[in-house]
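Colleague: Could you take me through this model, beginning with the whole chain and then turning to individual places in it?

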Amino acid sequence: RVFLRAVNQFTSILNRLFLEPSTFELQLWNNYFHLAVAFLTHKSLQLETFSQAKRNKIIKKYGDMRKEIGFKIRDVWYNLGPHKIKFIPAMVGPILEVTLVPEPELRKATIPIFFDMMQCEFNFSGNRNFHMFENELITKLDQEVEGGRGDEQYKILLEKLLLEHCRKHKYLAAPGEVFALLVSSLLENLLDYRTIMHDESKENRMSCTVNVL
């Protein structure tokens, strides 16, 4: 809780003193994001790993601090304005870590950052596409699922939110929909692959490997 208050202090100072083009410090903001993500994903805050009694006790006394800092990360991201492009693709992995935390409200609040990154790269890269973001998300998703993170609920929510946001955008509707469905099907195959690796049947494992490839 003390650490969270400190991070909140950093947030307000960064927003006040280091956001203007003349004072913007990329390394400082990078450090802030990595610090906030490290705090949010720290094992001592992963409430679902505790017994129900311990979980209730922590929530009653401190609340779910992951949500508090996750919403702060979201607000800071949207506040960056034109600076956002400087964090693509480097921040895709850390934001993915945040969205994979199995807390429904946190996921709903942070998954739309992915659409914002797509939109940002599409508008500012000069190429009218979001290939950097796309490649980075697919690579990091592979690593995270292999590391044991991600679940069926995440796959459903990711596809739903990406499709909703893309369909409202004049230029991203078509490529965004293709991308959302691609990521969803990749995630499904990766989750299947992770599950089947403990299966005795060599044929099942081979079939899953082919699907992922």
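What follows is a set of questions and answers on a predicted model.

Colleague: What pattern does the chain follow when read along the sequence?
Modeller: The chain holds eleven helices and zero strands. Read along the sequence, the pattern is therefore made of helices alone: α-α-α-α-α-α-α-α-α-α-α.

Colleague: What is the radius of gyration of the chain, set against the globule rule?
Modeller: The C-alpha atoms fill a box of roughly 60 × 50 × 30 Å along the principal axes. For 213 residues the globule rule gives 17 Å, and the value for this chain is close to that, so the chain is as compact as a globular protein of that length. The radius of gyration itself is 19 Å.

Colleague: What percentage of contacts in the chain between residues at least 6 apart in sequence join residues at least 24 apart?
Modeller: As background, buried residues make up 43% of the 213 residues. Counting contacts between residues at least 6 apart in sequence, the share that joins residues at least 24 apart is 68%.

Colleague: Which residues does the UniProt domain annotation cover, and what is the helix content of that span?
Modeller: The annotation comes from an unreviewed UniProt entry and reads "domain: Dedicator of cytokinesis TPR repeats region", covering residues 1-161. The end C-alpha atoms of that span lie 31 Å apart. Its strand content is 0%, and its helix content is 70%.

Colleague: Is Val7 buried or exposed, and which residues does Val7 touch?
Modeller: Val7 lies in helix α1, which spans residues 2-17. Its relative accessibility is 0%, and because buried means under 20%, Val7 counts as buried. Ala36, 29 residues away in sequence, has its C-alpha 7.3 Å from that of Val7. Leaving out residues up to four places away in sequence, Val7 touches Tyr32, Leu35 and Ile69.

Colleague: How many of the residues of helix α5 are buried, and which helices are included in what covers them?
Modeller: Helix α5 runs over residues 92-100 and is mostly covered, with eight of its nine residues buried. Those buried are Val92, Gly93, Pro94, Ile95, Leu96, Val98, Thr99 and Leu100. What covers them includes α2 (26-40), α4 (65-79), α6 (104-110), α7 (112-124), α8 (131-146) and α9 (152-167).

Colleague: Is Arg107 buried or exposed, and which residues is Arg107 in contact with?
Modeller: Arg107 lies in helix α6, and at a relative accessible area of 5% this arginine is buried. Gly70 is 37 residues away along the chain, yet the two C-alpha atoms are separated by 9.0 Å. Beyond neighbours within four places in sequence, Arg107 is in contact with Thr99, Leu100, Val101, Pro102, Pro112, Asp151, Gln153, Tyr154, Leu157 and Leu161.

Colleague: Which residues line the largest pocket?
Modeller: The largest pocket has a volume of about 170 Å³. By class, its lining has three nonpolar, four polar and three charged residues. The lining consists of Thr41, Gln46, Glu97, Leu100, Val101, Pro102, Glu144, Gly148, Arg149 and Gly150.

Colleague: Where is Gly148 placed, and what is its relative accessible area?
Modeller: Gly148, one of the residues that line the largest pocket, sits in the loop between α8 and α9. Its C-alpha is separated by 9.1 Å from that of Leu191, 43 residues apart along the chain. Gly148 is partly exposed, with a relative accessible area of 46%.

Colleague: Which residues line the largest cavity?
Modeller: The structure holds one cavity of 30 Å³ or more, and the volume of the largest cavity is about 30 Å³. Four nonpolar, one polar and two charged residues make up its lining. These are Leu45, Leu47, Ile58, Gly63, Asp64, Met65 and Arg66.

Colleague: What is omega for the peptide bond from Ile88 to Pro89?
Modeller: Pro89 lies in the loop between α4 and α5. The peptide bond leading to Pro89 from Ile88 is cis, with omega near 10°.

Colleague: What is phi of Arg128, and where is Arg128 found?
Modeller: Arg128 is partly exposed, with a relative accessible area of 46%. Its place is in the loop between α7 and α8. Phi of Arg128 is positive, in a residue other than glycine, and is near 55°.

Note on methods. Residues numbered from 1 in each chain as written. Predicted model: local features only at pLDDT ≥ 70, side-chain atom pairs only at ≥ 80, totals over all residues. Heavy atoms only, no water. Helix = DSSP H or I, 4+ residues; strand = E, 2+ residues; numbered from the N terminus. Buried < 20%, exposed > 50% of the residue type's maximum accessible area, 1.4 Å probe, protein only. Contact = heavy atoms within 4.5 Å. UniProt positions renumbered as here; feature names shortened; annotations may be inferred. 1 Å grid on protein atoms, 1.4 Å probe; cavity = no way out; pocket = protein on both sides within 12 Å on 5 of 7 lines; lining within 4 Å. Points joined across faces, edges and corners; volume = space filled by probe spheres on them. Nonpolar A, V, L, I, M, F, W, Y, C, P; charged D, E, K, R; others polar. Rg over C-alpha atoms; globule rule 2.2 N^0.38 Å.
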